[in-house]
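Thank you all for coming; please bring up the sequence and the structure on your screens, and I will then walk you through them.

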Amino acid sequence: MECTINWMGADGMGFVAETGSGHMINMDGAPDGGGRNLAPRPMETVLAGTGGCTAYDVVLILKRGRHDVRGCQVKMSADRAEVDPKVFTKIHMHFVVTGKGLPQGAVERAVALSHEKYCSASIMLAKTAEITTSVEIVEA
């Protein structure tokens, strides 16, 4: 896996990342750090990537189990350390999974498997952060 990050110039703290798969991600800093608030902060993209990683797993696990999953949303909230390095210390992931006749146990198992075995991002972040999850099922 590769990624190249380019600083956008001396008048701010904007960066563009080009991923190995050829996609671009814009990032910017907060105004108090020299940024112009034109894109997500780099650490926000870490949190978003983690949410995408675990949502991917949950959907895939449920589909492989032949469950009628129709939507998956992960609402994430996180706390960071007060001093540098400002690592994540707590992350809560609330899964809202929509489908037809989804068993609570199957959804909870998919979330657990993601965090225990498959989601590289959340497993890495669990080295510094207490990660908690909750599940809500919405009937489609």
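Let me begin with the surface: how much area does the protein expose, and what share of it do carbon and sulfur atoms supply? In this model, which is a predicted one, the protein exposes about 8800 Å², and carbon and sulfur atoms supply 54% of that area.

Turning to the overall layout, you will find three helices and six strands, which, read along the sequence, follow the pattern β-β-β-α-β-β-α-α-β. The C-alpha trace spans about 55 × 35 × 25 Å along its principal axes, and buried residues make up 30% of the 140 residues.

Now to the interior, where the largest nonpolar core has 20 residues, and those that touch the most other members are Val58, Leu62, Phe88, Ile91, Phe95 and Val97. Two or more residues of this core come from each of H1, strand S4 (68-80), S5 and H2. If we take Phe95 as an example, and leave aside residues up to four places away in sequence, its contacts include Val58, Cys72, Val74, Val111 and His115.

That brings me to helix H2, residues 104-118, whose 15 residues should span 21 Å at 1.5 Å a residue, and since its end C-alpha atoms are 20 Å apart, the two values agree. Within H2, the buried residues are Ala106, Val107, Ala110, Val111, Leu113, Ser114 and His115, and these pack against helix H1 (42-64), strand S5 (88-100), helix H3 (120-125) and strand S6 (130-139).

Finally, on charge, there are 14 positive and 16 negative side chains, with the centres of the two sets 8 Å apart.

How values were computed: Residues numbered from 1 in each chain as written. Predicted model: local features only at pLDDT ≥ 70, side-chain atom pairs only at ≥ 80, totals over all residues. Heavy atoms only, no water. Helix = DSSP H or I, 4+ residues; strand = E, 2+ residues; numbered from the N terminus. Expected span 1.5 Å × (residues − 1). Buried < 20%, exposed > 50% of the residue type's maximum accessible area, 1.4 Å probe, protein only. Contact = heavy atoms within 4.5 Å. Core = buried A, V, L, I, M, F, W, Y, C linked by side-chain atoms within 4.5 Å. Areas by Shrake-Rupley, 256 points an atom, 1.4 Å probe, with all protein chains shown as cover. Lys, Arg positive; Asp, Glu negative; His and termini not counted. Charge placed at Lys NZ, Arg CZ, Asp CG, Glu CD.
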